[in-house]
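Student: Could you walk me through the cysteine pairing and the nonpolar surface of this one?
Tutor: Sure, let's get it on screen.

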Amino acid sequence: VSPTLDLFYNSSVFSSALQVQNQSVVYRDSQRDDINYLTYNGGNSLRMLNDNLSIDFRFAQDYRSSGTSASRFQDQINSPDNQIKSKSEVFNIGYENDRLDWFVLKTNIGASQTSADANSVDVVLDPNQLSYLSNKNYSGEFEFQSRDRSRKFFWAGQLSTNKIDRDELADFDTERGSLIVGFPFFANIAMVARGEYEDNSDNPNATDIYSNYQSYRTIGGGLEWQISQYSFWNVTFNKVNNANEITEYVGTEFRFVPSRHTKITGSLDRRFFGRTAELTANYELKNFKMELKLGDAVGSLLSLSADDNQVGLFVCPPGVTPGLDSCFQPPTSQYQPQPGEQYYNITIPGDDLSELLVVRRLVSLQIGYDFNRLKLTGTIGQRKDDFLEGRQTRDDRYATIAANWQLNQRNSLTLSGNTSRQENKSESGQFFGFGFGDSDSGSLEWSRQMNRSLTGKLTLKRTLAVDDLTDKSFAESRVSLGFNYTF
């Protein structure tokens, strides 16, 4: 039984939403006690100065599996003993000024707090430290650049800072900056000079793999092809200068906008942990969308989970049960979900509830189709976490797909499935946590709208997970019948 309260308000300037749910689970056997889960999700958004100034505040409470190794198949019904309550609060202020014909300015200041009742059981420095955790994350970003790079002289700069306060481990501070300037050389070719720096706080637990962890500086130059007002491509030769080594490498940055349907931006560079790459490619038609993303980040597992890890090409409006049958495709890839809205997502790789720092690399390809009575969405991706404070690596590869067919005005069918492969490996080759293995699940759901207020759903679900290290397996077949009444 899950009574839910949805409140939301929208205007041209202010938006607010709140969802509170209390789920009661009653077991017929005597081995498990009945349990209640109180979850909530809310947010407020303020837009002013012709949408140039934005102020956002989000907060949430939910329950998550005590370790990502089993998060694919453990939930609040079949594993109540492995659920950990987590909370998050996120506050952001952003300002963007693109009204001038020669200058573009973007700034953002953010603060977040993420807490959990206990450490993840999979990855901890001390297994006995299963205590309450709370991480605070403060960030600031400042960007300035020429409005377009086809001018005779152009520039682009960025400054960012990030501070993570950790309860049990040393705090993590980082500061980064970059600057590139361009001068005309020949025809549509420009000469560019660039420099970057990165400073990180001292960490006594950091492994010696990252010899340039604290200080990292690069300088270089090259040529840029100014293809059009919106497209460019440069290649630079760079040198890393610091106390430990001098390394030379080739970097590149590009932006291609060949049509109004296609946009590709990306870069290839270096940071203290090695090569770093960013790529975002969007292809949009009226009924079909495709998005490819690649990137990396550094932070604690707990602080990274404060960000919206949800991804998807369908957005579910507030006041409805998230499902492909009730969601819509946003008009553009730049669409920002309003308070109360959430992405439809079959499965997202979970984050461990741990303070350990990681270098996270993520790549994902998403497709979405919405035409007539058919909705289709799919995701294939890989996420790899290298632990800064331990010679361990977690590699998670996954694929999901879902299809919804509107049979008629009142009935619809949704078929979904996902598969994943996870490996948790240390430098010595030893596996930790769940080791490695496959996890697969599939479901078929029939939804019928009986009247304006009452909707019924019948779901058949099958889950299978295998740990190749211990030969342990988990299999579950579930049949559920639910009714949703709104008033």
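**Disulfide and nonpolar patch**

Student: Before that, are Cys-316 and Cys-327 buried or exposed?
Tutor: This is a predicted model, where local features need pLDDT of at least 70, side-chain atom pairs count only at pLDDT 80 or more, and totals for chains, interfaces and linings use all residues. Residues are numbered from 1 along each chain as its sequence is written, and side-chain values use heavy atoms, with hydrogens and water left out. Buried means under 20% relative accessible area, exposed over 50%, partly exposed in between (1.4 Å probe, protein chains only). By that cut-off, both Cys-316 and Cys-327 are buried.

Student: What is the handedness of the disulfide of Cys-316 and Cys-327?
Tutor: A disulfide here is a pair of cysteine sulfur atoms within 2.5 Å, and Cys-316 and Cys-327 have an S to S distance of 1.9 Å. The torsion about their S-S bond is about 70 degrees, so the disulfide is right-handed.

Student: Which element gives the most to the nonpolar patch?
Tutor: The patch covers about 1100 Å², with Trp-405, Trp-446 and Phe-483 among its residues. Patch residues have over 30% relative accessible area and no salt bridge (a side-chain nitrogen of Lys or Arg within 4 Å of a carboxyl oxygen of Asp or Glu), and nonpolar side chains (Val, Leu, Ile, Met, Phe, Trp, Tyr) are joined within 5 Å. Strands are DSSP runs (E, at least two residues), numbered from the N terminus. With 3 residues, the top contributor is β25.

Student: Where is Phe-483 found?
Tutor: Phe-483 counts as exposed, at 53% relative accessibility. Its place is in strand β25.

Definitions and conventions: Patches are made of residues with over 30% relative accessible area and no salt bridge: like charges are joined within 9 Å, nonpolar side chains (Val, Leu, Ile, Met, Phe, Trp, Tyr) within 5 Å. Accessible areas come from the Shrake-Rupley method with a 1.4 Å probe; for residues, only the protein chains shown count as cover. Helices (H or I, at least four residues) and strands (E, at least two) are DSSP runs, numbered from the N terminus.
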